[in-house]
Amino acid sequence: MTTARNRAVDRIRRERTLAEKTQLLDVPLQTEMEIDDTMFKDERLELLFTCCHPALALDAQVALTLRALGGLTTEEIARAFLVPDDTMAKRLVRAKRKIKASGIPFRVPPAHLLPDRLDAVLGVVYLIFNEGYGGRRPLSAGAIRLGRALAELMPDEPEVHGLVALMLINDARRDARFADGSVVLLRDQDRSLWDLDQIAQGRTALDRALALGGSGPYVIQAALAALHADEPQDWAQLALLYAELARLTGSSVVELNRAAAIAEAGDVEGALELVDGLELDGYHYLHATRAELLRRLGRVDEARAEYDRALELVHSDTERRFLEQQLATLGA
């Protein structure tokens, strides 16, 4: 994959150089890749659009591109998709076989075809950011750079601005998210450590998305991030936005976040009922959330069992320490 990526970069550069020199000679250029030198300002973004071929299923496009260009391992991609490692490995193999059997070309799409690949590109950038958000700062910083380059390339796409806003606002809290090797919950974070200028940039990007009529998943997530940055937080409004996002995406993870907002709004029993209906047994956040709800209801033994299950599933050391701290507060 690394060799292929490097060769792709070299090929793009050679085609650019050839195009420039041919123009100097005033000779018409016939080239397979049809590159507009002004279209892409970031070569990685160029490669993202190249890899996200619509002949593949959307999940396959995202997974393959994360593997080839995002630098993520099969295990990390599997976690992002909430599937077992073996399942993701098989998906990647099937996608590669389809590329080979179908002769899918590796070439930069012309400008009018970029919207057909936008959903996959947004998905890749979003998942790279999420992986970096857990503590791998270079990944999240790289995702933000890609998002900004994408906004410059496609300035009239509201979901692009929504994703940029989402990343900027969440990343602005990076210095407050960890302390002593453990995760710090939003309500306990030192807001003086937040990058307020970056939050303002994120809100500006969100305003741009809304002005373009945006109401898609990334715009809604950006609006959620902006509300989470408010003090005090409007939990009732947050719950409503999570409900709309769940309707659009059908995501059980979004429903889990909605349950947390419902609990913060005061209905812990209703939140627990919602969580108990989700099929996310292999997702450590479900068990951590259920543990917190049970603790609030005074069901300590059940809460302890849920924290134990979450600790069996967690991969991040910082999140493991946080869960251990929460478990310790329940006593023996």
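The buried residues of helix α14 pack against four other helices: α12 (252–264), α13 (268–276), α15 (300–313) and α16 (317–328). Contact here means heavy atoms within 4.5 Å. Helices (H or I, at least four residues) and strands (E, at least two) are DSSP runs, numbered from the N terminus. Buried means under 20% relative accessible area, exposed means over 50%, and partly exposed lies in between, with a 1.4 Å probe and protein chains only.

This is a predicted model, in which local features need pLDDT of at least 70 and side-chain atom pairs count only at pLDDT 80 or more, while totals for chains, interfaces and linings use all residues. Residues are numbered from 1 along each chain as its sequence is written, and side-chain values use heavy atoms, with hydrogens and water left out.

**Helix α14**

Helix α14 covers residues 284–296 and has 13 residues. From its first C-alpha to its last it reaches 19 Å, close to the expected 18 Å; the expected span is 1.5 Å times one less than the number of residues. Because 10 of its 13 residues are buried, α14 is largely enclosed by the rest of the structure. Among the buried residues are the charged-type names Arg-290 and Glu-292, along with His-284, His-287 and Leu-293. After α14 comes Gly-298, which has a positive phi near 80 degrees.

**Aromatic pairs and charges over rings**

The whole structure holds 3 aromatic pairs. Rings of Phe, Tyr and Trp (its six-membered ring) pair if their centres lie within 6.5 Å; planes under 30 degrees apart count as stacked, over 60 as edge-to-face and the rest as tilted. Two of the pairs are set out below.

| Pair | Arrangement | Centre to centre | Angle between planes |
|---|---|---|---|
| Tyr-126 and Tyr-218 | edge-to-face | 5.4 Å | 70 degrees |
| Phe-129 and Tyr-133 | stacked | 5.6 Å | 25 degrees |

The pair of Tyr-126 and Tyr-218 links distant parts of the chain, 92 residues apart: Tyr-126 belongs to helix α6 (residues 114–133) and Tyr-218 to helix α10 (residues 217–228). Tyr-126 is partly exposed, at 21% relative accessible area, whereas Tyr-218 is buried, at 12%.

Phe-129 and Tyr-133 are 4 residues apart in helix α6, so about one helical turn separates them. An α-helix has 3.6 residues a turn, so residues three or four places apart point the same way. Both Phe-129 and Tyr-133 are buried.

Tyr-133 also has a charge over its ring: the charged end of Arg-177 sits 3.7 Å from the ring centre. Arg-173 lies over the face of Trp-194, at 5.9 Å from the ring centre. A charge sits over a ring if NZ of Lys or CZ of Arg is within 6 Å of the ring centre and within 35 degrees of the ring normal.

Asn-170, in helix α8 (residues 158–171), meets the stacked pair. Leaving aside residues up to four places away in sequence, Asn-170 touches Phe-129, Tyr-133 and Ala-225. Asn-170 counts as buried, at 14% relative accessibility.

**Backbone features in loops**

Most residues other than glycine have a negative phi, and most peptide bonds are trans. The peptide bond from Glu-231 to Pro-232 is cis, with omega near 0 degrees. Pro-232 is found in the loop between α10 and α11 (235–249), and Glu-231 is placed in the loop between α10 and α11. Glu-231 is exposed, with a relative accessible area of 60%. Its C-alpha atom is separated by 9.7 Å from that of Arg-187, 44 residues apart along the chain.

Asp-180 has a positive phi, near 55 degrees, in a residue other than glycine. Asp-180 is in the loop between β1 (178–179) and β2 (182–183) and is exposed, at 78% relative accessible area.

**Whole protein and confidence**

The protein has 16 helices and 2 strands. Of its 332 residues, 49% count as buried. Among contacts between residues at least 6 apart in sequence, 60% join residues at least 24 apart. The accessible surface comes to about 16900 Å², and 50% of it belongs to carbon and sulfur atoms; areas come from the Shrake-Rupley method with a 1.4 Å probe, and for residues only the protein chains shown count as cover.

pLDDT is the predictor's confidence in each residue, from 0 to 100. Its mean for the protein is 83, and 82% of the residues reach 70 or more. Over residues 21–38 pLDDT stays under 50, and the model has 21 contacts beyond four places in sequence for that stretch.
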